[in-house]
Amino acid sequence: MQLRYPAEALRLDGRPGALAGVVDSFTSPDMQQQAVASVQREADMLATLSNEHIPRVFDRVSDQNRHYLVMEYIEGITLEQRLRETGGKLAESEVLDFAIQVCETLEYLHNLSPPVIYRDLKPSNVMLTKNGQAKLIDFGIARHFCPLSTAPIIGTQGSAPPAQYRGTV
């Protein structure tokens, strides 16, 4: 998911939400179908998760080549923005607090059946709320773990583990 917009969930109860979406510019019908399937897969996976550090997904919507998730709105900034604000330095206690929250979230994901492998942990995918909570966002390349299988080589250079670059998790 790339684009994020504040929104209001009118079909539900008017609660504040966010639209996270992608615009596909594929001319190939096969590629367009893959884009829709990718958004649906992310929405379906997120809808099954229940953890305070993962945004809740309420719905998914497609309109021609635009595909969106309707999800919980997270008021705050990304860890990447926070690092920029502080010149790349955070207090040790703050780092430990965020790291513990992220590790607990990964532990939750890995203990699901089947386990979910997040695959895109980086500062721009960790939201920090005003009350100090860390939330993982952008599950676009997360996958259910399938032992003995290979996965597409995908991720953010410098953030993804070496095994992911080899196509194995």
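From the N terminus on, the elements of the chain run β-β-α-β-β-β-α-α-β-β-β-β-α in this predicted model. In total, 4 helices and 9 strands are present. The chain has 169 residues, and 35% of them count as buried. Its accessible surface comes to about 10200 Å². Carbon and sulfur atoms account for 54% of that surface. Contacts between residues at least 6 apart in sequence were also examined. Of these, 56% join residues at least 24 apart.

The helix α1 covers residues 29–47. Its 19 residues should span 27 Å at 1.5 Å a residue, because the expected span is 1.5 Å times one less than the number of residues. The end C-alpha atoms of α1 are 27 Å apart, which agrees. Six positions of this helix can be named as buried: A35, V39, E42, A43, M45 and L46.

In soluble globular proteins, nonpolar side chains tend to be buried together. In this model, the largest nonpolar core has 23 residues. Those with the most contacts inside the core are L46, L109, V126, L136 and F139. Several elements each supply at least two residues of this core. The helices are α1 and α3 (92–110). The strands are β2 (16–23), β4 (66–72), β7 (126–129) and β8 (134–136). L46 is thus listed both among the buried residues of α1 and among the core residues with the most contacts.

V126 was examined further. Residues up to four places away in sequence were not counted. V126 touches I77, T78 and L79, as well as V102 and L121. Its other contacts are A134, K135, L136 and I137. One of these, L136, is itself among the core residues with the most contacts.

Methods. Residues are numbered from 1 along each chain as its sequence is written. This is a predicted model: local features need pLDDT of at least 70, side-chain atom pairs count only at pLDDT 80 or more; totals for chains, interfaces and linings use all residues. Side-chain values use heavy atoms; hydrogens and water are left out. A nonpolar core is a set of buried Ala, Val, Leu, Ile, Met, Phe, Trp, Tyr and Cys residues joined through side-chain atoms within 4.5 Å. Buried means under 20% relative accessible area, exposed over 50%, partly exposed in between (1.4 Å probe, protein chains only). Contact means heavy atoms within 4.5 Å. Accessible areas come from the Shrake-Rupley method with a 1.4 Å probe; for residues, only the protein chains shown count as cover.
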